[in-house]
Amino acid sequence: MFTPKQSIFHSINKMANRKISDFAGFKKVLDGAKNIAVLTGAGVSAESGIPVFRGAGGFWRTHRSQDLATPQAFAANPALVWEFYHYRRNIAFTSLPNNAHKALALYEAQCLREGRRFSIITQNVDGLHQRAGSINVIELHGALHKVKCTNPKCRFLDENYDNPICEVFRNRGDPAAEGYNLPVIDKKDLPKCKKCQKLVRPYIVWFGENLDFKVMQAAREVVETCDLCLVIGTSSVVYPAAMFAPRVLERGMPVAEFNLNEEPADEMFDFHFPGKCGTTLPKALGIEL
Ligand code: OAD
């Protein structure tokens, strides 16, 4: 533990030593790491054409994406929320992993061959890490290809890759289409549970909901044991993911950030690589694509 005085000195020292775009310095740390944790957010999929949540692209029609990602929005208008998720499923299912996803998958394979541990904790629900070949992926916020029954007596969790998920959404979901007098969708036409025929919902952790206990436990274990953490394409504002990198720093382990932003999300990060992660990440990991 640092005393407050030491802590300030430590912070100033660390900020002064922060390495911006120091690929060689990072490679040394990377090569020595035995247990690597990777935290990813929407930015890792941006170059695949998947809209991020904050900043440009954070809207669907006139709605902020975050306002549709709530249990209250679903209770008030399940058809609207399902149409929004049909739109996101359509983009995710028809997008391809980019060089950032591919570099992570190839680096994981290298780690496995060398007996090193490599874990991805993702806030993304698009499944692109797995489609790129990543194996050890913890999905914090659920997955677009999964649906869960809303009937409290059933709660069946199912995989569903149908696109559209039901006929009523065929040729719908266009973000520009509000105000075109689209026919109102009847609740009876929304996706139904295979087992009990009641309404299903997207298997996504919405704002105001708790993360799955086992998923959270698995993520915590990675955060508490890793000896290097990479933070890629996340605004680091949504909890609990936002506390993972600060916790790794608290444990005295290095953190490297890859983000479009010029400035790091946390001034205590050891390395910061500004720019598109589809370019910076393969270079930092030493992966040729
Ligand atoms: P955000 O949309 O908040 O942040 C995306 C981050 O990616 C920003 O910091 C961008 O600067 C960065 N970025 C964009 N393009 C990039 C690129 N090509 N290379 C590198 N960085 C890039 O997304 P998240 O942090 O993932 O939750 O948001 C966290 C959670 O909030 C999401 O999982 C979602 C959302 O509401 C739920 O839906 C439950």
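Residues with a relative accessible area under 20% are termed buried, those over 50% exposed, and those in between partly exposed. The legends below use these terms for a predicted model.

**Figure 1. Overall view of the predicted chain, which contains 11 helices and 12 strands.** The radius of gyration is 20 Å, close to the 19 Å that the globule rule gives for 289 residues, so the chain is as compact as a globular protein of that length. Along its principal axes, the C-alpha trace spans about 60 × 40 × 40 Å. Of the 289 residues, 49% are buried. Among contacts with a separation of 6 or more, 70% involve residues 24 or more positions apart. The chain exposes about 14,600 Å², of which 55% is supplied by carbon and sulfur atoms.

**Figure 2. Close-up of the largest nonpolar core, a set of 30 residues.** Within this core, the residues with the most contacts are Trp82, Tyr85, Phe169, Leu190 and Trp206. Two or more residues are contributed by each of the elements α5 (71-76), α6 (78-94), β7 (142-149) and β9 (200-204). Helix α6 provides the largest share, with 9 residues. At least three residues of the core come from domain 1 (18-50 + 98-141 + 211-289), and at least three from domain 2 (53-94 + 143-204). A second, separate core comprises 26 residues, including Phe26, Leu230, Ile232 and Ala256.

**Figure 3. Close-up of the surroundings of Leu190, one of the residues with the most contacts inside the largest core.** When residues up to four places away in sequence are not counted, Leu190 touches Pro78, Ala79, Trp82, Cys166, Phe169, Ile185 and Leu199. One of these partners, Trp82, is itself listed among the residues with the most contacts in the core. The same list includes Phe169, another residue that Leu190 touches.

**Figure 4. Close-up of the salt bridge between Arg247 and Glu224.** Side chains of opposite charge can pair when their charged atoms come close. In this pair, the distance from N to O is 2.8 Å. Arg247 lies in helix α10 (residues 244-250) and Glu224 in helix α9 (residues 213-225), so the salt bridge ties together parts that are 23 residues apart in sequence. Arg247 has a relative accessibility of 29% and therefore counts as partly exposed. Glu224 is also partly exposed, with a relative accessible area of 35%.

**Figure 5. Close-up of the salt bridge between Glu114 and Arg116.** The side chains of Glu114 and Arg116 meet at 3.1 Å, N to O. How is each partner placed with respect to accessibility, buried or partly exposed? Glu114, at 45% relative accessibility, counts as partly exposed. Arg116, by contrast, is buried, because its relative accessible area is 8%, and the limit for a buried residue is under 20%.

**Figure 6. Close-up of the salt bridge between Asp67 and Arg64, shown with a separate network of salt-bridged residues.** The side chains of Asp67 and Arg64 meet at 3.1 Å, N to O. Asp67 is partly exposed, with a relative accessible area of 40%. Arg64 likewise counts as partly exposed, at 38% relative accessibility. Elsewhere, salt bridges link Arg61, Glu83 and Arg172 in a network. The structure as a whole holds 12 salt bridges.

How values were computed:
Residues are numbered from 1 along each chain as its sequence is written. This is a predicted model: local features need pLDDT of at least 70, side-chain atom pairs count only at pLDDT 80 or more; totals for chains, interfaces and linings use all residues. Side-chain values use heavy atoms; hydrogens and water are left out. A nonpolar core is a set of buried Ala, Val, Leu, Ile, Met, Phe, Trp, Tyr and Cys residues joined through side-chain atoms within 4.5 Å. Buried means under 20% relative accessible area, exposed over 50%, partly exposed in between (1.4 Å probe, protein chains only). Helices (H or I, at least four residues) and strands (E, at least two) are DSSP runs, numbered from the N terminus. Domain bounds come from an automatic or database domain assignment. Contact means heavy atoms within 4.5 Å. A salt bridge is a side-chain nitrogen of Lys or Arg within 4 Å of a carboxyl oxygen of Asp or Glu. The radius of gyration is taken over C-alpha atoms; the globule rule is 2.2 Å times the number of residues to the power 0.38. Accessible areas come from the Shrake-Rupley method with a 1.4 Å probe; for residues, only the protein chains shown count as cover.
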